[in-house]
Amino acid sequence: TQRVFTFGKTKSQGDASMKDLLGGKGANLAEMSRIGLSVPPGLTITTDTCAEFHTSGRQLPPGCWEEILEGLRTVEAEMGLRLGDAAAPLLLSVRSGAAISMPGMMDTVLNLGLNDACAAGLAKRSGDERFAFDAYRRFLDMYGNVVMNIPHHLFEEQLERIKAERKVTEDTALSAADLKLVVAKYKEVYKSRGKVFPEDPYEQMRLAIYAVFDSWQSERANVYRSVNGITGLKGTAVNVQAMAFGNMGLTSGTGVCFTRNPSTGERKLYGEYLINAQGEDVVAGIRTPEPIDTLARTLPGAYQQLVENCNLLEKHYKDMQDIEFTVQEGQLYMLQCRGGKRTGQAAVRIAVELVDEGLVTTDEAVLMVEPTHLDQLLHPQFADEEAYKGSVVGSGLPASPGAAVGQAVFDAEDAEAWKSSGLPVILVRRETSPEDVKGMYTAEGVLCQLGGMTSHAAVVARGWGKPCITGCSDLQVDEHNKVARIGGKEIRQGDFLSLNGSTGEIILGKQPLAPPELAGDLGRFMKWVDDRRVLKVLTNADTPEDAEEARKFGAEGIGLCRTEHMFFASEERIATVRRMIVAQTKEARLKALADLLPFQRTDFEGILKAMDGLPVTIRLLDPPLHEFLPDGEMTEVCEALARDAGVTVDEVYSTIEKLQEVNPMLGFRGCRLGITYPEITEMQVRAMFEAAVRVIKAGGKVQLDVMVPLVGTAAELANQESLVRRVAKQVMAESDTVVSYRVGTMIEVPRAALQAGAIAKTAEFFSFGTNDLTQMTFGYSRDDIGKFLPIYLEKGILVNDPFQVLDQDGVGELIKFAVERGRASRPDLKIGICGEQGGEPQTVAFLHEVGLDYVSCSPFRVPIARLAAGQAAV
Ligand code: PEP
Ligand code: MG
């Protein structure tokens with residue numbers, strides 16, 4: 001096996017495709033040389049060698065050293081210099097570089113090859129003694145630090161002392177004689193630490209290579225990999241490369257730049273440059289770099305070379321690049337290039353402009369924007385995410401993205417009261433119940449101690465595009481005393497709080513926000529996405545406002561309208577719902593239902609109008625009834641309820657008691673309600689069809705899909721279906737109007753998936769309710785998963801939260817099975833998904849493969865789902 005790959009002028013043994021073996025840096029150095037850019041020659045030792053080095057107890061595999069020396073000969077030949085030759089010394093850089101970039105995590109040594117004799121030789125040859133000893137002192141410092149474990153500050157102190165004696169502030173103001181003194185002092189630092197500086201350049205090189213391999217296993221590298229979920233890499237490669245010198249006076253320097261602006265995408269070099277310096281000066285922050293334009297002014301020739309090189313690189317890689325370079329006496333050298341990280345705004349603009357420039361096809365452009373990029377574009381952001389790091393007091397699950405700033409309040413009523421007096425609030429709760437909905441709506445953001453990614457708060461917040469953090473185990477919320485504790489700090493009512501719903505960070509104080517920027521290129525880009533997409537994208541929306549919002553985002557219908565969310569919209573509505581629940585006779589219940597009907601009809605009318613003929617899927621009542629009953633301070637509410645409903649207080653209490661459930665999610669809910677109380681289904685269906693008739697009579701179009709929840713057997717669906725059809729027929733006859741409608745079901749109980757063939761005999765459409773389907777397939781309660789999910793993720797027992805990213809192996813198998821059986825008994829069966837995973841990109845790609853007709857997700861995720869569906873189809 002070849003362990004060393006050389007690169008040099010127009011001939012490289014490696015190329016850009018070999019990232020796994022040569023690391024990102026090595027592969028790109030090889031590629032840049034190959035296409036004729038000016039890259040100092042060098043060699044790359046493979047990542048496999050790193051793995052062998054560690055398994056064999058810190059030893060190079062047999063023959064490897066000889067290979068390195070052979071590679072070194074080619075570098076020496078191209079440079080006309082030799083390692084350790086005092087007359088013509090070759091200097092080297094030794095750098096790490098894994099297949100995935102780990103910025104700043106591993107080690108680098110520059111100017112390797114110097115000793116007293118070679119430093120003198122370098123001075124003579126370059127005619128610049130100052131430069132030679134500057135390189136020498138830099139080498140002693142870096143080598144001491146990286147290879148010999150001598151703390152950098154010990155060198156720094158010596159340098160500072162001499163600068164103080166000479167009364168200068170800049171390193172560059174030291175003379176050659178001063179730097180010789182620095183070198184002497186640095187050697188004393190080695191001695192004072194009991195270390196011997198290896199004078200032999202070959203020994204220097206060997207130990208530097210070892211140090212880079214060692215840095216792969218360093219604490220910080222291990223932590224970085226685990227934090228960023230980087231697994232499966234073999235090790236780091238080592239790049240040994242001829243030095244280009246940025247510290248040879250005013251015609252030299254070093255810089256980093258992006259070929260386009262990584263924040264805005266503008267096509268203009270963006271970066272920083274330091275005159276008369278080497279790379280580590282930028283990183284160490286000793287001197288403040290100047291904008292890249294400085295180079296254009298001071299060294300126009302080198303700048304021109306840089307521009308040409310950047311153009312060449314973009315043409316070659318067909319993407320924006322992030323590069324490092326050095327200018328040595330006016331000559332440009334490229335030291336690194338890689339695809340540049342960018343914001344959402346930049347990603348869209350760059351993709352669109354690369355198409356216009358003829359560099360990429362629209363297919364390629366569609367793949368260049370990541371779903372998280374779009375997500376960023378659609379939510380307000382913090383103006384500067386670095387600026388607040390010192391004020392982060394804890395974190396929870398990033399349940400709904402975006403940035404929110406407001407004053408802490410601890411219940412929904414306070415939220416509404418504060419908001420109505422013009423104060424922005426953050427609602428802080430132990431958990432939220434449907435009763436908090438209005439408070440949540442008025443809040444800028446929501447913070448919950450409990451709950452997972454699909455807890456009530458999370459689902460609702462995402463639906464509104466409102467930032468939300470849930471499952472924050474470090475947080476202790478005392479709602480009663482209106483105080484919360486986290487990270488040793490107290491949050492009291494009225495304290496300013498900032499939430500980053502994209503990262504889960506909780507930040508004290510008021511952090512500045514920036515509005516979402518919808519660049520004009522986004523429209524064009526999304527058109528390309530939609531042209532490719534096979535899956536339709538619908539939305540989950542409960543109100544006419546949500547429905548309109550979602551249409552703006554490109555929703556092609558409503559895949560789930562949870563009618564009950566509107567029950568809390570006003571005091572009057574919830575009071576009516578409660579009267580219906582505590583009714584002791586059928587007459588009383590029918591009376592309450594009749595009062596509820598106009599509310600529902602108005603909502604449905606608004607939604608159907610907003611969707612104007614696009615399919616609108618309305619689900620029959622689903623949640624267990626106790627969710628609508630008051631909790632907390634009961635006495636007063638129950639007395640009022642008794643008065644209002646014309647029943648006794650005892651009857652109210654006994655009803656509440658009867659409705660208490662041990663496992664509410666597996667309890668008296670879904671179609672079980674409509675089968676037990678057919679009058680509820682009848683009222684809802686009548687409201688739907690009366691609304692449809694009104695819209696049609698006003699000249700609108702309607703496609704109504706009535707959906708039955710929580711079906712497990714074909715008989716359950718058949719029961720509700722005949723009810724729906726009977727009422728539909730009645731309303732259509734009464735109004736002499738034909739409404740185009742279908743009756744279908746959710747597939748969210750595992751048995752329904754297994755019985756899909758039988759169920760599809762009745763159902764005209766399926767919609768996978770993957771929240772419940774996941775809950776019942778795993779047996780994990782959706783509201784309580786926050787208690788153990790972090791541990792499962794940490795131990796690798798789960799790779800993702802299955803309520804967020806569909807579990808393809810388990811739940812996905814049930815879906816595939818149900819699709820196959822369902823279509824076998826009804827070939828034109830319409831199939832979609834309306835669980836939370838329906839807007840998640842990996843899930844969308846999977847469902848595209850499985851052959852669903854549509855996905856349905858919250859309005860803010862519609863563009864993301866469109867992108868994922870478009871990408872899946874490329
Ligand atoms: C589901 O279970 O996936 C679903 C969409 O319904 P809900 O979340 O309302 O139970
Ligand atoms: Mg459900």
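This short presentation covers a magnesium site, a helix pair and one buried leucine in a predicted model.

Let me begin with confidence. The average pLDDT of the protein chain is 91, and 97% of the residues reach at least 70. For the complex, the predictor reports an ipTM of 0.99 together with a pTM of 0.80.

I turn now to the metal. Which protein donors does the magnesium ion, ligand 2, have? They are Glu748, through OE, and Asp772, through OD, at 2.0 to 2.1 Å from the ion. Glutamate 748 belongs to the loop between strand 29 (741-747) and helix 28 (750-754), while aspartate 772 sits in helix 30 (residues 770-778); the pair therefore ties together parts 24 residues apart in sequence. Both glutamate 748 and aspartate 772 are buried.

The next topic is helix packing. Helix 13 (residues 344-356) and helix 15 (residues 371-378) have axes that come within 7 Å of each other and cross at roughly 115°. The crossing of helix 13 past helix 15 is left-handed. Helix 13 contributes Gly344, Gln345, Ala347 and Val348 to the contact, and helix 15 contributes His373, Gln376 and Leu377. Sorted by class, this contact comprises three nonpolar and four polar residues, with no charged ones.

Finally, I come to leucine 798, in the loop between helix 31 (789-794) and helix 32 (811-825). Is this leucine buried or exposed? Leucine 798 counts as buried because its relative accessibility is 12%, under the 20% cut-off. Leaving aside residues up to four places away in sequence, leucine 798 touches Phe778, Tyr780, Leu789, Tyr792 and Leu793.

Methods
Residues are numbered from 1 along each chain as its sequence is written. Chains are lettered from A and ligands numbered from 1 in the order in which they are written. This is a predicted model: local features need pLDDT of at least 70, side-chain atom pairs count only at pLDDT 80 or more; totals for chains, interfaces and linings use all residues. Side-chain values use heavy atoms; hydrogens and water are left out. Axes are lines fitted to C-alpha atoms, for helices over the stretch in contact, and angles run from 0 to 180 degrees between N-to-C directions. Helices (H or I, at least four residues) and strands (E, at least two) are DSSP runs, numbered from the N terminus. A crossing is left-handed if the near helix is turned anticlockwise from the far one by less than a right angle, and right-handed if clockwise. Contact means heavy atoms within 4.5 Å. Ala, Val, Leu, Ile, Met, Phe, Trp, Tyr, Cys and Pro count as nonpolar, Asp, Glu, Lys and Arg as charged, and the others, Gly among them, as polar. pLDDT is the predictor's confidence in each residue, from 0 to 100. Donors are N, O and S atoms within 2.8 Å of the metal (3.2 Å for Na, K and Ca); water is not among the atoms, so sites may look incomplete. Buried means under 20% relative accessible area, exposed over 50%, partly exposed in between (1.4 Å probe, protein chains only).
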